[in-house]
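Subject: Handing over the structure

Hi there,

Here is the structure I promised to pass on to you. Please open it alongside this email, and my notes on what I found follow below.

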Amino acid sequence: MSLIEIEQERLSNPVDVIEHIAGLNDWSFERSGEDEITISVTGGWTDYHVSFSWMEENEAIHLACAFDLKVPEARRMEVMRLLTRINEQMWIGHFDLWSSEGAIMFRQALLLSGGAEPNASQVERLLVTAIEACERYFQAFQFVVWAGKNANEALEGVMFETLGEA
């Protein structure tokens, strides 16, 4: 049910705008369909695969950022504890565990209701926010998955701030 019964005609597919912006920035990308584009980004800890999907029914661009770290069944409960602790600190977006694949993913959306078009600043902010979140917490996920740390230990290990230079 809509509170406003005015239908806005969209000038272009928002994914077309993202593809144009990716081309202008020399980002490596692959268009997998009319409503989806994946951009590859090299981070400090790993490579990130950022998928932008246009969701017409919600008038939203959905961003999903994944990285190569599979969570074995034995570590999933502790990863879920870590996700909860991390998500409590997030202002924009959130992390999920896709249980069928054991993959950790950062997700967020940009609402474009009423025919709004995404601009370069919005697309860049979506991408930067996702990469910054993944870079900040990637090691915590590794600590839980590969080093057997609990969620609190893993989070403490990545949250300390250093001052000055050595």
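**Overall layout**

The protein has four helices and six strands. Please keep in mind that this is a predicted model. Starting at the N terminus, the order of elements is α-β-β-β-β-α-β-β-α-α. The chain has 166 residues, and 40% of them count as buried. The accessible surface is about 10000 Å², with carbon and sulfur atoms supplying 51% of that area. If you look at contacts between residues at least 6 apart in sequence, 52% of these link residues at least 24 apart.

**The sheet**

The six strands form an open sheet in the order 1-2-3-4-6-5, and the pairing is antiparallel. Which strands stand at the edges? They are strand 1 and strand 5 (94-98); each has a single partner strand, so one side of each has no neighbour in the sheet. From one strand to the next, the twist averages 25°.

Two of the pairings are worth a visit in your viewer. Strand 1 (residues 28-33) runs antiparallel to strand 2 (residues 36-42), and five bridges hold the pair in register. A hairpin of two residues connects strand 1 to strand 2. Within this pair, glutamate 30 has threonine 38 of strand 2 as its bridge partner.

Strand 3 (residues 47-55) and strand 4 (residues 60-70) are also antiparallel, with eight bridges between them. Here serine 51 sits opposite alanine 64 of strand 4.

**How the helices pack**

Helix 3 packs on the sheet, where it touches strand 2, strand 3, strand 4, strand 5 and strand 6. Its direction makes an angle of about 25° with that of strand 4. Helix 2 (residues 76-89) lies across strand 5 and strand 6 (103-111), and it runs at about 165° to strand 5.

Helix 3 also meets helix 4 (residues 151-159): their axes come within 8 Å and cross at roughly 145°. That crossing is right-handed. On the helix 3 side, the contact is made by Arg136, Tyr137, Gln139, Ala140, Phe143 and Val144. Helix 4 contributes Ala151, Ala154, Leu155, Gly157, Val158 and Met159.

**Threonine 129 and glutamine 108**

This is the spot I would like to show you in more detail. Threonine 129 belongs to helix 3 (residues 120-145). Is threonine 129 buried or exposed? Its relative accessibility is 14%, and buried means under 20%, so threonine 129 counts as buried. Its side chain reaches the backbone oxygen of arginine 125 at 2.7 Å. Leaving out residues up to four places away in sequence, threonine 129 touches Ile92, Phe106 and Gln108. The C-alpha atom of threonine 129 is 8.3 Å from that of glycine 93, although the two residues are 36 apart along the chain.

One of those contacts, glutamine 108, is found in strand 6. Glutamine 108 has a relative accessibility of 8%, so it also falls under the 20% cut-off and counts as buried. Which backbone oxygen does the side chain of glutamine 108 reach? It is that of leucine 126, at 3.0 Å. Apart from neighbours within four places in sequence, glutamine 108 is in contact with Ile61, His62, Leu63, Ile92, Gly93, Leu126, Thr129 and Ala130. Ile92 appears in the contacts of threonine 129 and in those of glutamine 108.

**Two loop residues with positive phi**

Finally, here are two backbone details to check. Aspartate 26 is not a glycine, yet its phi is positive, near 55°. Aspartate 26 is in the loop between helix 1 (14-24) and strand 1. With 70% relative accessibility, and exposed meaning over 50%, aspartate 26 counts as exposed.

Glutamate 59 is the other residue: its phi is about 50°, again positive in a residue that is not a glycine. Glutamate 59 lies in the loop between strand 3 and strand 4. How does glutamate 59 compare with the cut-offs for being buried or exposed? Its relative accessible area is 26%, which lies between 20% and 50%, so glutamate 59 is partly exposed.

Happy to talk through any of this whenever it suits you.

Best wishes

Note on methods:
Residues numbered from 1 in each chain as written. Predicted model: local features only at pLDDT ≥ 70, side-chain atom pairs only at ≥ 80, totals over all residues. Heavy atoms only, no water. Buried < 20%, exposed > 50% of the residue type's maximum accessible area, 1.4 Å probe, protein only. Polar contact = N/O pair within 3.5 Å; in protein donor to acceptor, adjacent residues only side chain to side chain. Contact = heavy atoms within 4.5 Å. Areas by Shrake-Rupley, 256 points an atom, 1.4 Å probe, with all protein chains shown as cover. Pairing = 2+ DSSP bridges. Axes fitted to C-alpha atoms, helices over the stretch in contact; angles between N-to-C directions. Left-handed = near helix turned anticlockwise from the far one by under 90°.
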